[in-house]
Amino acid sequence: MNTIISPADLHTALQQPQHSIVLLDCRFTLGNSEAGANAYQNEHLPHAHYLDLEKDLSSAAASPGGRHPLPDVQKLAQKLGNLGINADSKVVVYDDQNGMMASRAWWLLRYIGIEDVQILNGGFNNWKQSGYETTKNVPEGSPQTFVPFVQQDWGLAEVEYVKENLHNPNVVLIDSREKKRYLGLEEPIDLVAGHIPGAVHSFWQDVLTSEGLWKTDKEWKEMFSAIDSHAEIIVYCGSGVSACPNVLALKSAGFPNVKLYAGSWSDWISYRDNPIEKNR
């Protein structure tokens, strides 16, 4: 199954009389926590439900810890079940942030046992620009019983695991943030600038075309060709959200051992004894 679905293919699938696709709108604007929900109330894809990055796809921040900790698995499963989702559901997620929020939802749903999850290529804006219908109607859920089954091999790295592998030659650590943040030249969000020692840089938006569409598996293979295919890869960003597009691209490119450091930089710097690097 292709992880990315075009507006045309999604529109065709939704026209089938017995379609069983559940749509999840994941629009969210960092720094303006109500913007995504307001945008959803104004218009969204027909029959789409809304998931909020901070209310549904994260748990409350704590100290020490990152800015967007993973949500409680049982609470997320209950939320999804109330929307009509179970482990066998077909789910399509979208946002208007070049797939950043949708990728977080994609990763989480796969992590808790839902295999058939796709991301709408180009998100809400591409759907609308393609001339397809939007609506203000908020659908009712068809509650399902969803028993989550955490996929341990899907790849989650905690802070101690990252520390233990800082000098492991078989582990590649990828920083997904903008280059200036990686270099420690500026830090608009977190209290400390820099990056985790030994990390290489690969900006998450580089997995997209200049038009904001997802590149192909072949292009991703070329993009990450310098990485040993047998290496273990740990991907992080500022708070575990924008790392997810890189995780998606790496997995789609055929790298078998890719982990998300969900706490990411905001978690790393919350432990005072953790080393940092700048201007590497």
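**Exercise 1. A salt bridge at Arg27**

Task: In this predicted model, decide whether Arg27 is buried or exposed, then find which residue forms a salt bridge with Arg27.

Solution.
Step 1. Take the relative accessible area of Arg27, which is 3%. Buried means under 20%, so Arg27 is buried.
Step 2. Look for the partner. Arg27 forms a salt bridge with Asp25. The closest N and O atoms are 2.7 Å apart, and the cut-off is 4 Å.
Step 3. Check Asp25 as well. Its relative accessible area is 0%, so Asp25 is buried too.

**Exercise 2. A bridge across the sequence**

Task: Work out which parts of the chain are tied together by the pair Lys128 and Glu43.

Solution.
Step 1. Confirm the bridge. The side chains of Lys128 and Glu43 meet with N and O 2.5 Å apart.
Step 2. Place each residue. Lys128 lies in helix α5, residues 123-129. Glu43 lies in the loop between α2 (35-42) and β3 (49-50).
Step 3. Conclude. The two parts are 85 residues apart in sequence, so the salt bridge ties together distant stretches of the chain.
Step 4. Add exposure. Lys128 is partly exposed at 42%, while Glu43 is buried at 16%.

**Exercise 3. From a pair to a network**

Task: Start from Asp190 and Arg181, and find which residues are joined into one network by shared partners.

Solution.
Step 1. Asp190 forms a salt bridge with Arg181, with the closest N and O atoms 3.3 Å apart. Both residues are buried.
Step 2. Follow the shared partners. Salt bridges link Arg67, Asp175, Arg177, Arg181, Glu187 and Asp190 into one network.
Step 3. Set this against the total: the structure holds 10 salt bridges.

**Exercise 4. Cysteines without a bond**

Task: Explain why Cys237 and Cys244 are not bonded through their sulfurs.

Solution.
Step 1. Recall the chemistry. A disulfide is a covalent bond between the sulfur atoms of two cysteines.
Step 2. Check the distance. The sulfur of Cys237 has its closest cysteine sulfur in Cys244, 6.8 Å away. The cut-off is 2.5 Å, so this pair is too far apart for a bond.
Step 3. Check the whole structure. The search finds 0 disulfides.
Step 4. Note the surroundings. Cys237 is buried at 1%, and Cys244 is buried at 0%.

**Exercise 5. Core and helix packing**

Task: Find which helix gives the largest share of the largest nonpolar core, and how its axis crosses that of α9.

Solution.
Step 1. Size the core. It has 58 residues. Leu24, Leu80, Val93, Trp106, Trp107 and Ile233 touch the most other members.
Step 2. Find the helix. Helix α4 (residues 100-111) supplies the largest share, 9 residues.
Step 3. Describe the crossing. The axes of α4 and α9 (residues 244-252) come within 8 Å and cross at roughly 65 degrees. The crossing is left-handed.
Step 4. List the contact residues. From α4 come Met100, Ser103, Arg104, Trp106 and Trp107. From α9 come Cys244, Pro245, Val247, Leu248 and Lys251.

**Exercise 6. Backbone oddities**

Task: Find where His47 and Asn98 lie, and which residues the cis peptide bond joins.

Solution.
Step 1. His47 has phi near 70 degrees, a positive value in a residue other than glycine. His47 lies in the loop between α2 and β3 and is exposed at 58%.
Step 2. Asn98 has a positive phi of about 60 degrees and is not a glycine either. Asn98 sits in the loop between β4 (90-94) and α4, and is partly exposed at 34%.
Step 3. The cis bond joins Ser63 and Pro64, with omega about 0 degrees. Pro64 is in the loop between β3 and α3 (73-82).

How values were computed. Residues numbered from 1 in each chain as written. Predicted model: local features only at pLDDT ≥ 70, side-chain atom pairs only at ≥ 80, totals over all residues. Heavy atoms only, no water. Buried < 20%, exposed > 50% of the residue type's maximum accessible area, 1.4 Å probe, protein only. Helix = DSSP H or I, 4+ residues; strand = E, 2+ residues; numbered from the N terminus. Core = buried A, V, L, I, M, F, W, Y, C linked by side-chain atoms within 4.5 Å. Axes fitted to C-alpha atoms, helices over the stretch in contact; angles between N-to-C directions. Left-handed = near helix turned anticlockwise from the far one by under 90°. Contact = heavy atoms within 4.5 Å.
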